[in-house]
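Here are my notes on how some of the helices in this model pack together. Have the structure open while you read, and turn it as you go.

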Amino acid sequence: MQQHKLYVNGKYTESAGTEWIDIINPSTEEVISQIPKGNKEDVDRAVDAAFQAQRAWELTPNIERGKIVRKLGDKIAERRETFIDLLQEEQGKSYELASGEIDLAIDYFHYMSEWARRIEGEILPSDRPNENIFIFKKPIGVVAGIIPWNFPVFILARKVATALVTGCTIVIKPSQQTPNTAMEFTKIIHEMDEIPAGVYNVVTGTGSEIGNALASHKKVQLVTLTGSVPAGTKVMEAAAQNITKVNLELGGKAPAIVTQNADLDLAAEAIATSRLANNGQACTNAERVYVHDSVANEFTNKLISVFESKVMGDPRRNKEADMGPLVSQDRLDTVDDMVKQAVTEGATVAIGGERDSSQSGFFYKPTILTGVEHDSAIIRDEIFGPVLPITTYSTLEEAIEKANDTEFGLSSSVYTDDLNEAMQVVNEMKFGETYVNRENFEAVQGYHAGMRKSGLGGTDGKHGMEDFLVTQVVYMQYKTGK
């Protein structure tokens, strides 16, 4: 069993702490590795290293940084199967989803590398004679990247590729549940002489200790976190001490509206994909369905058929498995408790509704709940598991009102072949993303951002780079004649 080390200033190093955290394979419940339970002293060393490396790194020509970022993607591609296997082992993804995540991470490094020559400022006319106004975009400085457990490779790519190409140095904290893929990526960093010491650093440990120490550090200029609303709240509180900028991708409670004019077969397939992808553990997963009462029975039966077709199993042993386990015993218990509460509140289990006790691991059967009231907890609170509550509506205005009635605002979707209905939903939905007649998943060139408690700032595309940059305005006077 491997015991990982921290990575600080270009070297593998021991933690100042003496405790270890066990990493569990959620399919087998076996301990597969250990990481140091780092502390504030470790964070200080890593941030200091990043701070010292910052000036030289931001002065490196953009094109050179872009080449390095592209090479990182190439190196992941060379170890593609290793990353897939590690991801399946530590997180429980199906082979299809794990390979898709690794390919997306490769693509993200390649895509962001192309922005090296496209970070643009502006020149504006001045109100004064013999003067121009220059607007420069410059790297914000040291970035703290806090990585979640549900997409540990792709979101690492999101944070690292964007930081490096914009000229920022970075300290990452991998999830304490899925650090093995991050440590494999760190091997690539360590082998590349082009990356100066201190540009990339890794500190492992708990979110409460390492996350707080990073967010409150005076030398950190941006904290980018993907995680829960409580985690985001704590980061904001810690960052407020130094007025540190935060970029937060938090929870979601994505509604899916199915109208009487929808292609019900398409809707059932796409919503099942949106709910069950990553075993229901994604912030953009469809979390609740509003279906027109005239097609509710037909749609629900189609959705049940799709759910019934899913194969569960240890994804490393069965490449045909569509679904693996939840990430932990705590997650399994939480999902099970939410379903039981929903039933006591009047919901009916149409399929699933229980743990899969036929195998070891943290498996929960894909579940559909019908007869769910809009004000029930299963409709209000994020489930983060393979459970989908369904409720009905009579008018599109009612569906939109209920969809918007949430403290979250990340992802949403509508299924209809009526353009007027689609446009009404798009214009009236209060969510950062709305998908029309397709599953919920964003593109690298788009912009992934939420409203309300789903976060601040965003990622992907040219707009996603903005949080990693600061603006400097120069008023340039010049003389004419002699």
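The points below go through two helix pairs, one after the other.

1. First things first: this is a predicted model, so read everything here with that in mind.

2. Start with helix H2 (residues 62-78) and helix H6 (residues 180-191). Their axes come within 10 Å and cross at roughly 125 degrees. An angle from 65 to 115 degrees would count as roughly perpendicular and one over 145 as roughly antiparallel, so H2 ends up oblique to H6. The crossing of the two is right-handed.

3. Who is touching whom here? On the H2 side, look for Leu72, Lys75 and Ile76; on the H6 side, find Phe185, Ile188 and Ile189. Sorted by class, this contact of H2 with H6 has five nonpolar residues, one charged residue and no polar ones.

4. Now jump to helix H13 (residues 396-404) and helix H14 (residues 419-428). These axes come within 11 Å, and the crossing angle is roughly 30 degrees. Angles under 35 degrees count as roughly parallel, and that is why H13 and H14 get that label. H13 and H14 also cross in a right-handed way.

5. Which residues make this second contact? H13 brings Leu396, Glu397, Ile400 and Asn404, while H14 brings Glu421, Gln424, Val425 and Glu428. By class, the contact of H13 with H14 is a mix: three nonpolar, two polar and three charged residues.

6. To practise, try picking out Lys75 of H2 in the contact with H6, then Glu397 of H13 in the contact with H14.

Technical notes: Residues numbered from 1 in each chain as written. Predicted model: local features only at pLDDT ≥ 70, side-chain atom pairs only at ≥ 80, totals over all residues. Heavy atoms only, no water. Axes fitted to C-alpha atoms, helices over the stretch in contact; angles between N-to-C directions. Helix = DSSP H or I, 4+ residues; strand = E, 2+ residues; numbered from the N terminus. Left-handed = near helix turned anticlockwise from the far one by under 90°. Contact = heavy atoms within 4.5 Å. Nonpolar A, V, L, I, M, F, W, Y, C, P; charged D, E, K, R; others polar.
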